[in-house]
Amino acid sequence: TKVAEPTVLRGHTGPAWRCAFSPSGRHVSSTSSDRTIALWDWQRAAKVGVFRGHTHWVSCARFNADGNLLCSASRDRSVRLWDVESESNILELMGHEAWTTCCAFGGAHGAGRAVFSGSQDKVVRQFDLSSGMEVAQFVGHVAGVYALAVSPDGNVMTTASWDGTCRVWSVRMNRQIARLPL
């Protein structure tokens with residue numbers, strides 16, 4: 001039997017940092033030190049969109065549950081919200097004091113009414129998308145936060161840090177409910 005050739009997505013002008021599938025599985029986003037987010041039709045190995053606006057490396061991009069929005073985190077300390085179809089930046093969320101490393105949508109029942117972002121400033125921030133305002137901070141890590149995930153129902157979040165721990169948080173109670181040493 002013959003092994004299929006791998007699909008290679010080429011097009012960034014700097015190292016690629018992270019990638020994520022859209023909810024439909026049709027598209028992949030990739031982030032790069034070239035300050036862009038690329039949108040790919042991975043089955044055709046074709047770049048179908050480029051999101052520009054960050055002024056430094058883009059470290060993370062994630063789709064919302066409907067696949068019509070992307071949130072992104074960057075070394076420029078911002079979190080941005082993008083309309084996937086128009087490739088337009090529709091909201092810039094500020095507040096971190098250092099490199100913003102990760103982001104994810106969250107909210108009640110996966111509705112994606114909030115964006116969570118982690119940073120080298122050791123804090124995870126929750127932003128309300130209707131107002132663009134920061135509504136909560138999750139504090140407890142003693143080193144930068146580099147990854148986070150929000151449960152499908154939006155009630156629980158996990159974070160990973162350079163401090164060697166993963167922490168589990170109650171979003172509603174805005175407090176840590178478990179600490180998992182690595």
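These notebook entries record what I looked up in this structure, which is a predicted model.

**Entry 1. Nonpolar cores**

I began with the interior. The largest nonpolar core has 13 residues. Phe-116, Val-124, Phe-138, Leu-148, Val-150 and Met-157 have the most contacts inside this core. I then asked which strands supply it: β9 (100-106), β10 (114-119), β12 (134-139) and β13 (145-150) each give at least two residues. The largest share, three residues, comes from β13.

I followed Val-150 further. With neighbours within four places in sequence set aside, I found Val-150 in contact with Ala-104, Phe-105, Gly-106, Phe-116, Val-156 and Met-157. A second core, separate from the one above, has twelve residues, including Leu-69, Val-79, Val-115 and Phe-127.

**Entry 2. Salt bridges**

I looked up the charged pairs next and noted six salt bridges in the structure. Arg-80 pairs with Glu-92, and I recorded 3.3 Å between the closest N and O atoms. This pair links distant parts of the chain, twelve residues apart, with Arg-80 in strand β7 (residues 79-83) and Glu-92 in strand β8 (residues 88-93). I checked the cover on each partner. Arg-80 is buried because its relative accessible area, 9%, falls under 20%. Glu-92 is partly exposed, at 40% relative accessibility.

Glu-134 forms a salt bridge with Arg-125, where the closest N and O atoms are 3.1 Å apart. I noted Glu-134 as partly exposed, with a relative accessible area of 29%, and Arg-125 as buried, at 5%.

The side chains of Asp-163 and Arg-167 meet in a further salt bridge, at 3.5 Å from N to O. Arg-167 is buried, with 7% relative accessible area. I also recorded a network of salt bridges that links Arg-26, Asp-41 and Arg-44.

**Entry 3. Arg-80 in detail**

I returned to Arg-80 to list its surroundings. Besides its salt bridge with Glu-92, the side chain of Arg-80 reaches the backbone oxygen of Gly-53 at 3.1 Å. Not counting residues up to four places away in sequence, Arg-80 touches Gly-53, His-54, Leu-70, Cys-71, Ser-72, Asn-89, Leu-91 and Glu-92.

**Entry 4. Val-168 and the surface patch**

I placed Val-168 in strand β15 (residues 165-170). Val-168 is buried, with a relative accessible area of 14%. Leaving aside neighbours within four places in sequence, I listed its contacts as Val-156, Met-157, Thr-158, Arg-175, Gln-176, Ile-177, Ala-178 and Leu-180. I also looked up its separation from Val-48: the two residues are 120 residues apart along the chain, and their C-alpha atoms are separated by 36 Å.

Two of these contacts, Val-156 and Ile-177, led me to the surface. Val-156, Met-173 and Ile-177 form a nonpolar patch there, with about 250 Å² of accessible area together. Ile-177 lies in strand β16 (residues 175-181). I noted Ile-177 as partly exposed, with 44% relative accessible area.

**Entry 5. Pro-23**

I found Pro-23 in the loop between β1 (16-21) and β2 (27-32). At 48% relative accessibility, Pro-23 counts as partly exposed, because exposed requires over 50%. Not counting residues up to four places away in sequence, Pro-23 touches Phe-63, Asn-64, Ala-65, Asp-66 and Gly-67. I also looked up Pro-23 against Arg-172: they are 149 residues apart in sequence and 25 Å apart in space, C-alpha to C-alpha.

**Entry 6. Positive phi values**

I closed with the backbone. Phi of Arg-35 is near 75°, a positive value in a residue other than glycine. Arg-35 lies in the loop between β2 and β3 (36-41), and I recorded it as partly exposed at 45% relative accessibility.

Arg-77 is not a glycine either, and its phi is positive, at about 80°. I placed Arg-77 in the loop between β6 (69-74) and β7. Arg-77 is partly exposed, with a relative accessible area of 40%.

Technical notes:
Residues are numbered from 1 along each chain as its sequence is written. This is a predicted model: local features need pLDDT of at least 70, side-chain atom pairs count only at pLDDT 80 or more; totals for chains, interfaces and linings use all residues. Side-chain values use heavy atoms; hydrogens and water are left out. A nonpolar core is a set of buried Ala, Val, Leu, Ile, Met, Phe, Trp, Tyr and Cys residues joined through side-chain atoms within 4.5 Å. Buried means under 20% relative accessible area, exposed over 50%, partly exposed in between (1.4 Å probe, protein chains only). Helices (H or I, at least four residues) and strands (E, at least two) are DSSP runs, numbered from the N terminus. Contact means heavy atoms within 4.5 Å. A salt bridge is a side-chain nitrogen of Lys or Arg within 4 Å of a carboxyl oxygen of Asp or Glu. Patches are made of residues with over 30% relative accessible area and no salt bridge: like charges are joined within 9 Å, nonpolar side chains (Val, Leu, Ile, Met, Phe, Trp, Tyr) within 5 Å. Accessible areas come from the Shrake-Rupley method with a 1.4 Å probe; for residues, only the protein chains shown count as cover. A polar contact is a pair of N or O atoms within 3.5 Å; within protein, one must be able to donate a hydrogen and the other to accept it, and residues adjacent in sequence count only if both atoms are side-chain atoms.
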